[in-house]
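I opened this entry to work through the fold, the ligand shell and a few backbone oddities. My notes follow in the order in which I looked things up.

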Amino acid sequence: MSEACARPTPDLPVLAVDRLSVTFASGRASVRVVDDVSFTLGQGEILALLGESGCGKSMTALAIMGLVPGAGRPGGRVMLDGEALLDVPPDRLRALRGQRMAMVFQDPMSALNPVLSLGNQIGEALRCHTGLRRAALRDRVVALLGEVGLADPAQVADRFPHELSGGMCQRVMIAMAIACDPGLLIADEPTTALDVTVQKQILDLLHGLRRRHRTAILLITHDLGVVAENADRVAVMYAGQVVEEAPVAVLYARPAHPYTLGLLRSMPRLESRPDDDPGSFYAIPGTVPDPANLPPGCRFEPRCDRADQACRETAPALEALRPDHRVRCWHPVAGP
Ligand SMILES: Nc1ncnc2c1ncn2[C@@H]1O[C@H](COP(=O)(O)OP(=O)(O)OP(=O)(O)O)[C@@H](O)[C@H]1O
């Protein structure tokens, strides 16, 4: 493990997000697209941030990285290894990105520079954060490309993005992200643009990283199957908020939020049940509310068959059902 990755506070979670919010100005009004989001992530842990398109997953990730475009300072607190990220000066934040936290995105092709060789791109990231030069830099680049499972890494280093497949480019992006051995890796839909077989290889690669380096991984996805097979814990997001958080096995066996239950019911199954309508899929009625026009009480209330007056009037907080299971609901499905 490199010196850059030596954790100053091994007893603390790698990442602690506390009441994070992201607000955009919209004309004279302001629109809060991430609201009261809290979770922690320990060393070597994989936490999935699960939710439908537009629910605020990417904005949460970008706020952690200090990369939200066009919004003011996010609200709340983000602690990385005990350091308050929302309050560090820009220079320090730039150093932390890459050294202690890194992010990989959905579309590797568009994230890479088309006119620079892959070796030069990874080398650039390394040069910024380490003192490595020339032969030592090249050796480290080739070693990284080998570590992410690319055959003939020395040859790949001299290639350009358009000469590689999408899966290979995503491996290069991961090599770049782990160049300085960051303690936190945020993977935002890292396999969505890839074929199913390549998806599995990339997810296996992330598992290898957490095993070998104890990297904490925030895995952003809308795919319940990816969560089930890859995460330790999951935080389900709806309309900008975490509505349920639990270990994966608990969430799938005893979902407590009606939205989570709806998501699980809408998953296609291989085996049918006697009461299934042949060929039919369950779909949660209604649509996700516009962040500029949220219901006054629970944000899921207009779509929820358990809703009553309390849900219409008052927004629930995220409360512990059990020590490892939190839910934002007045009438959770699975009681303690
Ligand atoms: N620059 C912006 N200004 C105003 N609103 C924005 C801006 N960027 C994103 N949003 C809004 O923020 C909300 C959350 O977007 P975000 O990209 O985080 O969702 P997501 O869950 O990651 O969805 P997807 O999986 O589709 O990326 C959406 O309603 C989106 O329209």
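**Strand 3 and its sheet**

I began with strand 3 (residues 46–50), which is mostly covered, as 5 of its 5 residues are buried. I note that the model is a predicted one.

I then checked which way the side chains go. Ile46, Ala48 and Leu50 point one way from strand 3, Leu47 and Leu49 point the other way, and all are buried. I set this beside the general rule that side chains in a regular strand alternate between the two faces of the sheet.

Next I looked up the partners of strand 3. Strand 8 (residues 216–221) runs parallel to strand 3 and is joined to it by 5 bridges. In that pair I found Leu47 opposite Leu218. Strand 9 (residues 233–238) also pairs with strand 3 in the parallel sense, over 4 bridges. There, Leu49 has Ala235 as its bridge partner.

I traced the whole sheet from here. It is open, has 8 strands in the order 6-7-8-3-9-10-12-11, and its pairing is mixed. Strand 6 (101–104) and strand 11 (319–322) are at the edges; each has a single partner strand, so one side of each lacks a neighbour in the sheet. I read an average twist of 20° from one strand to the next.

**The other sheet**

I turned to the sheet with the order 2-1-4-5, which is open, has 4 strands and pairs in the antiparallel sense. Its edge strands are strand 2 (29–41) and strand 5 (83–84), each pairing on one side only.

Inside this sheet I looked at strand 1 (residues 15–26) and strand 4 (residues 75–80), which run antiparallel and are joined by 5 bridges. Leu15 stands opposite Leu80 of strand 4.

**Helices**

I asked which strands helix 1 lies across. They are strand 3, strand 6, strand 7 (184–188), strand 8 and strand 9, and helix 1 runs at about 150° to strand 7.

For helix 2 (residues 90–99) I listed the buried residues: Leu96, Gly98 and Gln99. These buried residues pack against strand 4, strand 6 and helix 4 (118–129).

**Ligand shell**

I counted 14 residues around the ligand, the closest being Val33, Ser53, Lys57, Ser58 and Met59. Helix 1 (residues 57–65) gives the most to this shell, with 3 residues. Sorted by class, the shell has 6 nonpolar, 7 polar and 1 charged residues.

**Positive phi**

I went through two residues that are not glycines. Arg19 has a positive phi of about 50° and is found in strand 1. Buried or exposed: which is Arg19? Arg19 counts as exposed because it has 12 C-beta neighbours inside 10 Å, and the cut-off for exposed is 12 or fewer.

Asp81 has a positive phi of about 50° as well. Its place is in the loop between strand 4 and strand 5. Asp81 counts as buried because it has 21 C-beta neighbours inside 10 Å, where buried needs 20 or more.

**Record**

Last, I checked UniProt, where an unreviewed entry lists residues 17–264 as "domain: ABC transporter". Over residues 17–264 I noted 42% helix and 26% strand, with the end C-alpha atoms 26 Å apart.

Conventions:
Residues numbered from 1 in each chain as written. Predicted model: local features only at pLDDT ≥ 70, side-chain atom pairs only at ≥ 80, totals over all residues. Near = placed C-beta within 6 Å. Helix = DSSP H or I, 4+ residues; strand = E, 2+ residues; numbered from the N terminus. Nonpolar A, V, L, I, M, F, W, Y, C, P; charged D, E, K, R; others polar. Pairing = 2+ DSSP bridges. Axes fitted to C-alpha atoms, helices over the stretch in contact; angles between N-to-C directions. Contact = placed C-beta atoms within 7 Å. UniProt positions renumbered as here; feature names shortened; annotations may be inferred.
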